[in-house]
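Here are my notes on this one, set out point by point. Have the structure open while you read.

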Amino acid sequence: MDQHKHIYFIGIGGIGMSAIARYFKGKGYSVSGYDRVETPLTQSLQEEGMDIHYRDDPALVPTDSPFVIYTPAIPDDHLELSHCREMKYTLKKRSQVLGDITNDMYGIAVAGSHGKTTVSAMITHLLHCAGMEPTAFLGGIALNFRSNFVPGRSDLAVVEADEYDRSFLRLYPKLAVVTAIDSDHLDIYGNTGTLEKAFLEFAGQIHSEGTLIHNHRLTQFDALPELKKISYHLDDPEADYYTNNLRVTEGAYRFDIETPGGMLEELTFNIGGLHNIENV
């Protein structure tokens, strides 16, 4: 990356792409890009000093041999992408760059067919409040940070690990979370069995001294006996972590958490939905 001063994004307005764009802008790189339509998110990026256009025109691609990052959502016949290939610019997919940034850090990767954005934001919030200053790449705009990117000063990185296009197989985390494995993205995987194999492959890429935290319902990970695993569930006592004494008081959830090391008592959570208590 030190060879490049300009980072160009094809699909800069995507939630994952824009987080990486913000990362590089914060590192002092010149950042610009293309997206199909103007949105509040691209407007925010422009306000942060990024030059963005909305017409697929190779003449608008910078000529200073930029480092080009593109999203798999961009079709192969995209004019700007084809131009960058013809010019032999350095090109990488978003997932490759995310791996390049985070694989040398203490990576915490959150995967799952649903819940990963919420869980990633919760982990980032807890680490931030604990003074651990993580860097986070989120799949949504976290209200407390008002961004999908949180700059940090430590070697901790929280990453939303997307299974689309097998992107999460670019990550080698120290700690991973898998919330759910549902029949999704079958246009990529073909069938649920292939999808499950990809999640097992992702879990197999966790650092040898690392840990997988997974929903207790996901028995697929029993196939990895050598991996350290911790399970959680809303209220199943067979899980390592589960809630007890769950009730609603004054509009908020109050509950205890049973853990292998004892009970965490009288937690309060103000966001609705039992699925969010399980996410907690």
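1. Let's start with how helix 1 and helix 4 sit against each other, bearing in mind that this is a predicted model. Helix 1 covers residues 15-26 and helix 4 covers residues 94-102; they pack at an angle of about 45 degrees. That angle is neither under 35 degrees nor in the 65 to 115 range, so the two helices count as oblique to each other. Their axes lie 10 Å apart, and the crossing is left-handed.

2. Which residues make the contact? On the helix 1 side they are Gly16, Met17, Ile20, Tyr23 and Phe24, and on the helix 4 side Arg94, Val97, Leu98 and Ile101. By type, this contact has 7 nonpolar residues, 1 polar and 1 charged. As general background for reading such a list, an α-helix has 3.6 residues a turn, so residues three or four places apart point the same way.

3. Now for helix 4 itself. Is helix 4 mostly covered or mostly open? It is mostly covered, with 7 of its 9 residues buried. Those buried residues are Arg94, Ser95, Val97, Leu98, Gly99, Ile101 and Thr102. Besides helix 1, they pack against four strands: strand 4 (67-70), strand 5 (90-93), strand 7 (135-142) and strand 9 (156-160).

4. Stepping back to the whole chain, you'll find 8 helices and 15 strands. The radius of gyration is 20 Å, close to the 19 Å that the globule rule gives for 280 residues, so the chain is as compact as a globular protein of that length. Along its principal axes, the C-alpha trace spans about 60 × 40 × 30 Å.

5. How much of the chain is buried? Buried residues account for 48% of the 280. On contacts, take the pairs of residues at least 6 apart in sequence: 51% of those contacts join residues at least 24 apart.

6. One last residue to look at is Ile271, which sits in the loop between strand 15 (262-269) and helix 8 (274-279). Is Ile271 buried or exposed, or something in between? Its relative accessibility is 48%, so Ile271 counts as partly exposed; the cut-off for exposed is over 50%. Leaving aside residues up to four places away in sequence, Ile271 touches Tyr253 and Asn276. As for Ser231, it is 40 residues from Ile271 in sequence, and the two are 22 Å apart in space, C-alpha to C-alpha.

Notes: Residues are numbered from 1 along each chain as its sequence is written. This is a predicted model: local features need pLDDT of at least 70, side-chain atom pairs count only at pLDDT 80 or more; totals for chains, interfaces and linings use all residues. Side-chain values use heavy atoms; hydrogens and water are left out. Axes are lines fitted to C-alpha atoms, for helices over the stretch in contact, and angles run from 0 to 180 degrees between N-to-C directions. Angles under 35 degrees count as roughly parallel, over 145 as roughly antiparallel, 65 to 115 as roughly perpendicular and the rest as oblique. A crossing is left-handed if the near helix is turned anticlockwise from the far one by less than a right angle, and right-handed if clockwise. Contact means heavy atoms within 4.5 Å. Ala, Val, Leu, Ile, Met, Phe, Trp, Tyr, Cys and Pro count as nonpolar, Asp, Glu, Lys and Arg as charged, and the others, Gly among them, as polar. Buried means under 20% relative accessible area, exposed over 50%, partly exposed in between (1.4 Å probe, protein chains only). The radius of gyration is taken over C-alpha atoms; the globule rule is 2.2 Å times the number of residues to the power 0.38.
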